[in-house]
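Student: Could you take me through one part of this model closely? I would like to look at the open sheet and what packs against it.

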Amino acid sequence: MIRIEDLTHVYPGGRRQSPRTAVSDLTLHVPDGRFTILSGPNGSGKSTLFRILCGLARPSRGRVLIGGRDLLADPASARALMGVVFQSPAVDKHLSVQENLMIHGALYGLKGSAFRARLDEALAWTDLTGRLGDRVDTLSGGLARQVELAKCLLTRPRLLLLDEPTTGLDPASRRSFLSALTRLRRERGMTVLMTSHIFSEAEDVDSVAIMAEGRLLAYDTPQALRARLSGDVLVIDSPEPDTLAARLRDDMGLGAIRHGDELRVDEFPSGIDAVVLLERVLAGYRDLVRGITVKQPALEDVFIHVTAEARAARRVGAPESQETAA
Ligand SMILES: Nc1ncnc2c1ncn2[C@@H]1O[C@H](COP(=O)(O)OP(=O)(O)OP(=O)(O)O)[C@@H](O)[C@H]1O
């Protein structure tokens, strides 16, 4: 459904700013009917890529095909296949749910019974039935987001693009929004591409793409990504993470990834596992440990691992496995 080939986007510099490469030689294929989450640290290029996919920005180089249609050569035809939920609200909060949907339908020539049929169809994926007459600014954050989704669905898109749609929602509203997306994928075969920083959201999707500094670092199923970390992860909360990282490196030859105040070890010398290391760290460096845990790897751990690896690979002359704050 989405074929991105060798995509590069450089923001031109100005008098005081040098040009900035936001997306770099990125190739990504999202097959039909997949639910994919696109994640990455701040500034990794997700929004730029999202804007290119929606047709809001033109890349410096590369090609994007949506359902086989060339987004750059024939944007209208490619855009006809997609529905977009932006991060910032795109509905009029002073109007009712129905008024918002009617206006959007009218923009696409949907009126009368045709509109009514599409409205019923779109509402079936939401919890908005019975709330049509309510003004959007009186709805909960979760329901207001669902109005955005219903608006997209009026035009029966084959591809849904969503930019951090669950930001600011409480866990229950987030779950219900995601469950609508999962059902749309399963029952309608809809392709869903959504950016998110929330790794728990990505545990059950079909695939996860991880970007950093404009590049695609990993793209796989959540299971395959988790399998990249073969064992447990040792997480150490330290008052002096840099000091502890240096001691672990010098005394034990261990590479630890620094992530905020935490140090993480997810690769172990042979014969040592996370539990053995936990005991050694407590025995040898008790004053540098505030808390210490052994955990099974989750997607967030893979994300921290691959982004740290990419930074390490770029740092000329730096010890390969030691990292600075994420
Ligand atoms: N209009 C712009 N002009 C110049 N540089 C920009 C512009 N927009 C983004 N950038 C730069 O491009 C890079 C990628 O930014 P982008 O917003 O796409 O990342 P992101 O992953 O969406 O970040 P976030 O998660 O913080 O939204 C960053 O270095 C950013 O500073």
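Tutor: Happy to; here is the sheet, followed by its helices and the core. This is a predicted model, where local features need pLDDT of at least 70, side-chain atom pairs count only at pLDDT 80 or more, and totals for chains, interfaces and linings use all residues. Residues are numbered from 1 along each chain as its sequence is written.

The open sheet has six strands in the order 6-7-8-3-9-10, with mixed pairing. Strands are DSSP E runs of at least two residues and helices are H or I runs of at least four, numbered from the N terminus; two strands pair if DSSP finds at least two bridges between them. Strand 6 (82-85) and strand 10 (215-220) are at the edges with a single partner strand each, so one side of each lacks a neighbour in the sheet. From one strand to the next, the twist averages 15°, with axes fitted to C-alpha atoms (for helices, over the stretch in contact) and angles running from 0 to 180 degrees between N-to-C directions.

At one edge, strand 9 (residues 207-212) pairs with strand 10 in the antiparallel sense over five bridges, and alanine 209 stands opposite tyrosine 219 in strand 10.

Now the helices. Helix 1 (residues 46-53) lies across strand 3 (35-39), strand 7 (159-163), strand 8 (191-195) and strand 9, at about 145° to strand 7. Helix 10 (residues 299-314) also packs on the sheet, touching strands 3, 9 and 10, and its direction makes about 35° with that of strand 9. Contact means C-beta atoms, placed from the backbone, within 7 Å.

Valine 208 touches Ile37 and Leu299, among others.

Definitions and conventions: Contact = placed C-beta atoms within 7 Å. Lists of a residue's contacts leave out its neighbours within four places in sequence.
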